Amino acid sequence: MPISDQRVARHEFLRQMYDDAYFSDRVVDRGKAILLRLCERIEAERPSDVQSLYALTRAATEEFNLLDREFVAAGSGIETVAREWICDEFCFVASAYGFADAEAEELTAGRDW
C-alpha cells in the first residue's frame, strides 16, 4: 500500500544514517522499511488516540530491536547517535499523522537500543 500522506511519502527516512559510512546501507534500508510499514499501518488502521498509536509504534520498535543484531553483524549498532536519529523519525511519523502530543519515550517504549 503506497503512503498517501505526501509529506511522509517525500520524507527521507534515516537520511543521517545513510550519510554516515559507519552504517551499512543494506541494514539502514531495512530500518527505513520498518518506518514505512509503520506509516502504512497508521494509514490503514487510523488510530483514534495516542494509546492506539503507541501500540503500533511498539511493534515497530520491536522490529528495530531485532534489526540491531544486523547492525552489529555489519560492524555498527544502534548506539547513542543512531538511537536519537531513529527516535526523531518516530516523532516525525507521530506528528505527521496528527499526534504531535505523543511522548517521544513512549513512541519507542520497549527499545533495547
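A residue is called buried here when its relative accessible area is under 20%, and exposed when that area is over 50%. With that in mind, welcome to this predicted model.

**Helix α5**

Let us start with α5, which runs over residues 80–96. Its buried residues are Ala82, Arg83, Trp85, Ile86, Cys87, Glu89, Phe90, Phe92, Val93, Ala94 and Ala96. What lies over them? The cover for the buried residues of α5 includes α1, α2, α3, α4 and α6 (104–107). The helix has 17 residues, and the distance from its first C-alpha to its last is 24 Å, close to the 24 Å expected at 1.5 Å a residue.

**Helix α3**

Next comes α3, made of residues 25–45. The 21 residues of α3 should span 30 Å at 1.5 Å a residue, and the end C-alpha atoms of α3 are indeed 30 Å apart, so the two values agree. Buried in α3 are Val27, Val28, Gly31, Ile34, Leu35, Leu38, Cys39, Ile42 and Glu43. These buried residues pack against α1 (6–10), α2 (15–19), α4 and α5. Just after the helix, arginine 46 has a positive phi, near 45°.

**How the helices pack**

Two helix pairs involving α5 can be set side by side.

| Helix pair | Angle | Distance between axes |
|---|---|---|
| α3 and α5 | about 20° | 11 Å |
| α4 and α5 | about 155° | 12 Å |

Why is α4 described as roughly antiparallel to α5? The angle between α4 and α5 is about 155°, and angles over 145 degrees count as roughly antiparallel, so α4 earns that description. The crossing of this pair is right-handed. On the α4 side, the contact is made by Leu53, Thr57, Ala60, Thr61 and Phe64, and on the α5 side by Ile86, Phe90 and Ala94. Sorted by class, this contact between α4 and α5 has six nonpolar residues, two polar ones and no charged ones.

For α3 and α5, the angle of about 20° falls under 35 degrees, and these two helices are therefore roughly parallel to each other. Here too, α3 passes α5 in a right-handed crossing. Leu35, Leu38, Cys39 and Ile42 of α3 meet Glu89, Phe90 and Val93 of α5. By class, the contact of α3 with α5 has six nonpolar residues, no polar ones and one charged one.

**Three residues to look up**

Threonine 61 sits in helix α4. Is threonine 61 buried or exposed? Its relative accessibility is 0%, so threonine 61 counts as buried. Setting aside neighbours within four places in sequence, threonine 61 is in contact with Phe90, Leu107, Thr108, Ala109, Gly110, Arg111 and Trp113.

Serine 76 is found in the loop between α4 (50–73) and α5. With a relative accessible area of 9%, serine 76 is buried, because that value is under 20%. Apart from neighbours within four places in sequence, the contacts of serine 76 are Tyr22, Phe23 and Phe71.

Serine 4 belongs to the segment before α1. Its relative accessible area is 51%, so serine 4 is exposed. Between serine 4 and leucine 14 there is a distance of 20 Å in space, C-alpha to C-alpha, and ten residues in sequence.

Technical notes
Residues are numbered from 1 along each chain as its sequence is written. This is a predicted model: local features need pLDDT of at least 70, side-chain atom pairs count only at pLDDT 80 or more; totals for chains, interfaces and linings use all residues. Side-chain values use heavy atoms; hydrogens and water are left out. Helices (H or I, at least four residues) and strands (E, at least two) are DSSP runs, numbered from the N terminus. Buried means under 20% relative accessible area, exposed over 50%, partly exposed in between (1.4 Å probe, protein chains only). Contact means heavy atoms within 4.5 Å. Axes are lines fitted to C-alpha atoms, for helices over the stretch in contact, and angles run from 0 to 180 degrees between N-to-C directions. Angles under 35 degrees count as roughly parallel, over 145 as roughly antiparallel, 65 to 115 as roughly perpendicular and the rest as oblique. A crossing is left-handed if the near helix is turned anticlockwise from the far one by less than a right angle, and right-handed if clockwise. Ala, Val, Leu, Ile, Met, Phe, Trp, Tyr, Cys and Pro count as nonpolar, Asp, Glu, Lys and Arg as charged, and the others, Gly among them, as polar. The expected span of a helix is 1.5 Å times one less than its number of residues.
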